[in-house]
Amino acid sequence: MLEATPLGEGWILRTPGSTAAALPAEVPGCVHTDLMAAGVIPDPFLGRNETEVAWVGRRDWTYERDLSVPSGHEQTDLVFDGLDTVAEVMLDGRPLGRVRNMHRSHRFDVTGLSGRLTVRFVSAYAEAEAIRGKLGERPAAYAEPFQYVRKMACSFGWDWGPTLVTAGIWRPVRLEHWSTARIARVRPLVTVEEGLGRVELAVDVERTRVEAPLAVEATVGGVRARASLDGTQAVVRLEVPSPRLWWPRGYEEQPLHDVELTLLHGDEPLDVWRRRIGFRSVELDRSADAHGTGFTLVVNGERLFARGVNWIPDDVFPSRVTRARYRERLGQAADAGVDLVRVWGGGIYESEDFYDACDELGLLVWQDFPFACAAYPEEQPLRGEVEAEARENVVRLMPHPSLVLWNGNNENLWGFRDWDWEGRLAGESWGEGYYLGVLPRVVAELDPTRPYTAGSPWSGGWERHPNDPAHGTHHSWEVWNREDYAEYRANVPRFMAEFGWQAPPAYATLRRALPDEELAADSPGMLHHQKADDGNGKLRRGLERHFAFPEGDFDRWHYLTQVNQARAVATGIEHWRSHWPVCAGTVLWQLNDCWPVTSWAAIDGDGREKPLCHELRRLYADRLLTLQVREPGLVLAAVNQAAEVWAGAVRLRRMSVEGVVIGETSASVLAERRSVALVGVPRELEPAGPKEFLVADADGLRALHFPAPDREIPYPRPEFEVEIVPGGVRVTAGTLVRDLLLQADRLDPAARADRGLVTLLPGEQVTIGVRGWETPDPETARSALYCVEPSR
Ligand code: BMA
């Protein structure tokens, strides 16, 4: 039987040519985290330390340990699940091999060998710059040479990420001892049709003895099947009658089934492969219709509006992201009502822990191949690396029912057409051969059960603009960059794959990251932790369209920019969801952060939820009530994504900001399952001018419509009572209190409030649950409560 010996212990780290003592190295890990642990470098997440440690990414680094291979087996392999990135692996000075791709695993035959094992990493910059020198410069969104080396692109910095170019043994390493044969690869093709679940396991083995007769036996859900090997290959087919289906969260359950496949030599088991699968069907409906070309995911025959978020690596040092941390972050997404996570192309193919969590939580995964925002050369050695990594990862991720879509790249087809690459490239390769050639071929050959799309955005063919909202996927960035968020209402894309608005992280996160700084919107540390092009300028202009800019008042700026982020995203999602089924999904840019930074994220770099994250829970609920301007007047949209009909009574009130009801009516709404019902608002209830607003209430849900920007609204000075109650804080409004927010982390960094922005009408009450704090007195709690105030 194959035996594995983990090799996580006993590694040391050196930098060649230095007399400095070797450091203990953590495996899996990376050079930066070892240097931090040894006190050689400061934490690059704090202050402006990032700049100070830039040298680390320019150096070469060597990992070493002793290796001995005693074993009664015929063969021993040294297996690296991941090396970051360019390295030579040697045993007692004898080369075992050279590697240059972070996204692959590596296996070396070390049978009978022992001695000093060294992994000599050269700087990823050196490799990338050499390849760039050889193949010629290609256009990109950023100046760093990320597209010339197969390494996580955002390691080189992004418009939300620091430039911390890592090296290291970033995934587990082990010895595998085996005799006769081992399982080299299993491709599980899981389908379900007319109530019959099928699992086809295509097996490849590696053998030391050609003549040994081998067989494979597999089980799933009490069903067993066997096949003998033809040379090195076999296919085992299992049929499971009426399996319970796996569904995305919010629909039905996520039943998972253990699959076990054993490689046999006679009766003797040689190797075992175990995974969990789920039965579900998935299609991507891209048919043409009256509105253009759709992009609708169909799971188990059910057409879905995807309630999505974009995922970036949760740490710029991805080896630090544990199973528990993946679980926590994805759990936060699920709690916010998310049902689809797009793994964005400037990151990585995530670890099994990520996809396991998605399988369990019922989060659909859209996986980008790792290409983002640049022209990528297609010459060797890159071409071979791309194909090899695609083949490996398509097969590795196949068992996961959560994975529903492969996507060729992020914004590269768009960039070619719109960002002047076409002209600058002058005929040179730029990646099109990957997205329209290699990658779809690999997916079709290895995993024909899943759809593939060439890019995001992509309209389906060069005859149309790649970012045409009427066709396929669309990214909306003009609005954040240049316009007011009301402009989200200007169109109805078929699938909104990226859009977002920035806000600073939670106060406690900033305080930890910038410990010695007097915080101001433009203090040096704040600016260092803002990586977007004119990010603060865009925040300011975005804010000024709605609020008087709180000059010199950091706390107000922090609160209002967070409010503006939540309002912007709400404006988009409410509008797009009200247009289901023309628009079949919104994927917020972005769920998470990889360090403490002002960014588009809903959850900040320390894992704290911004108000936006709480707002998503309302925006992505099965039932959403929203007031929309649709010529000639206002309509109430009842969005019902549930399986049951929503029949409700709505109360509509036209009110003044002083709390006087000017007009009132009730109406009934009937929204069929997974559909949107529109109810016209009577003309006489439409608010006239900035002093008035409209409130719609139905089944515990509320929609508000203020016709004017806040800066024009003559709000009364907000008044409210604060009480401490078991488990939280109760607030009772004396006046209209708009977008009340308890920043509990200001009082205790460990405190978490269970809701974000709440608007109360005069006399209304809310209890904000808080965990993780020493209960404060009411006055202290009040000091952490913010709400919209009248313009000065
Ligand atoms: C898109 C994304 C990211 C970027 C974001 C915000 O381009 O794909 O590359 O971080 O916009 O600018």
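These questions and answers cover two sheets and the ligand site of a predicted model.

In this predicted model, local features need pLDDT of at least 70, side-chain atom pairs count only at pLDDT 80 or more, and totals for chains, interfaces and linings use all residues. Residues are numbered from 1 along each chain as its sequence is written, and side-chain values use heavy atoms, with hydrogens and water left out.

Student: Which residues are around the ligand?

Tutor: A residue counts as near if one of its heavy atoms lies within 4 Å of the molecule. The shell has seven nonpolar, one polar and three charged residues. Here Ala, Val, Leu, Ile, Met, Phe, Trp, Tyr, Cys and Pro count as nonpolar, Asp, Glu, Lys and Arg as charged, and the others, Gly among them, as polar. The residues are W158, D159, W160, W344, C373, N410, E411, W477, E498, W589 and W600.

Student: How far is an oxygen atom of the ligand from an N or O atom in the side chain of E411?

Tutor: A polar contact with the ligand is a pair of N or O atoms within 3.5 Å. For N410, the side-chain distance to a ligand oxygen is 2.7 Å. For E498, it is 2.9 Å. For E411, it is 2.5 Å.

Student: What percentage of the ligand's accessible area does the protein cover?

Tutor: Areas come from the Shrake-Rupley method with a 1.4 Å probe. On its own, the ligand has 300 Å² of accessible area. The protein covers 92%.

Student: Which strands are at the edges of the sheet β13-β14-β17?

Tutor: Strands are DSSP runs (E, at least two residues), numbered from the N terminus. Two of them pair if DSSP finds at least two bridges between them. This sheet is open, with antiparallel pairing. The strands that pair on one side only are β13 (181–193) and β17 (233–241).

Student: What is the bridge partner of L201 in β17?

Tutor: Strand β14 spans residues 196–207. Its pairing with β17 is antiparallel, over nine bridges. In β17, the partner of L201 is V236.

Student: Why do β44 and β46 each have one side without a neighbour in the sheet?

Tutor: The open antiparallel sheet runs β44-β42-β46. β44 (758–760) and β46 (785–786) stand at its edges, so one side of each lacks a neighbour. The reason is that each has a single partner strand.

Student: Which residue stands opposite L742 in β46?

Tutor: Strand β42 covers residues 737–742. Two bridges join β42 to β46 in the antiparallel sense. Opposite L742 stands L785.

Conventions: Helices (H or I, at least four residues) and strands (E, at least two) are DSSP runs, numbered from the N terminus. A polar contact is a pair of N or O atoms within 3.5 Å; within protein, one must be able to donate a hydrogen and the other to accept it, and residues adjacent in sequence count only if both atoms are side-chain atoms.
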